[in-house]
Amino acid sequence: MTSIAIVGAGPQLGLAIARTFGSQGYDVALISRNRAKLDDLVGTLTAEGITAAAFPADVLDRDTLTQALKDAATQFGGIDVLEYSPVGSFGITTLTAPAGTEPSHVEFEMNFQLYGAIAATKAVLPAMREASAGTLLYTTGAGSIWPDPHVANVNAAAAALRNWAMNLHKELASTGIQAAHVGIDASIGVSVLAGVEAARPEQISPMYWELHTTKRDEDELVFKLDAEGFPRG
């Protein structure tokens, strides 16, 4: 039996990743804060013939996140793939320019992005090491690679996660475990920033399957849209 745990699962990219792996026979563990939304996603996937279950947890609560992943591993007989892509809610995440950034602005984002990813990884990596197999995938916006001064604090934390994920890739080389970063240079579903094209989630999700299967030597894939709106990466 094979399974994927999606931390930060939602109705856009998370659902698309779940469908991509679920269509290949993977069980899907969905993790995010909102139980009602998770139940809706489980219902959608179940109707499509995909085995899925909800494990509510907030990435800022390390103990709850760790327990959710342990519960998912128990239910599905292990976790073969971890995908980490929580998104901050408007009104919770404060966006700051570089000169206006306070340490607290970055601290929240570091807790949300980097520290949450580390906690999730520590929950699943020991079993992957024992099996000499597994995949660890971490998602950020492309500001982790090409910074945008309008969201300097978010970019700083995302860049830290990207750096950590790529270093993890190096550390795990030759262990049978893949770690990689996915940078998304597009809005998802609806364009929210001027000059940034919106991509459909199903255009992005195949990249995760590629990293898990045919591009295991890669430490990063970046999704972009060309001038005609077609994906390139």
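Me: Which residues form one aromatic cluster with Y26?
Reply: Rings of Phe, Tyr and Trp (its six-membered ring) pair if their centres lie within 6.5 Å. This is a predicted model, where local features need pLDDT of at least 70, side-chain atom pairs count only at pLDDT 80 or more, and totals for chains, interfaces and linings use all residues. Residues are numbered from 1 along each chain as its sequence is written, and side-chain values use heavy atoms, leaving out hydrogens and water. The partners of Y26 in the cluster are F21 and W209.

Me: How many aromatic pairs does the structure hold, and is the pair of F21 and W209 stacked or edge-to-face?
Reply: The structure holds six aromatic pairs. Planes under 30 degrees apart count as stacked, over 60 as edge-to-face and the rest as tilted. F21 and W209 have ring centres 5.1 Å apart and planes at 75 degrees, so this pair is edge-to-face.

Me: How many residues apart in sequence are the parts that F21 and W209 tie together?
Reply: Helices are DSSP runs of H or I, at least four residues, numbered from the N terminus. F21 lies in helix α1 (residues 13–22) and W209 in helix α7 (residues 206–213). The pair therefore ties together parts separated in sequence by 188 residues.

Me: Is F21 buried or exposed?
Reply: Buried means under 20% relative accessible area, exposed over 50%, partly exposed in between (1.4 Å probe, protein chains only). The relative accessibility of F21 is 0%, so F21 is buried.

Me: Is the pair of F108 and F112 stacked or edge-to-face?
Reply: F108 and F112 are four residues apart in helix α4 (residues 103–131), about one helical turn. Their centres are 6.1 Å apart, with 10 degrees between the planes, and the pair is stacked.

Notes: Helix = DSSP H or I, 4+ residues; strand = E, 2+ residues; numbered from the N terminus.
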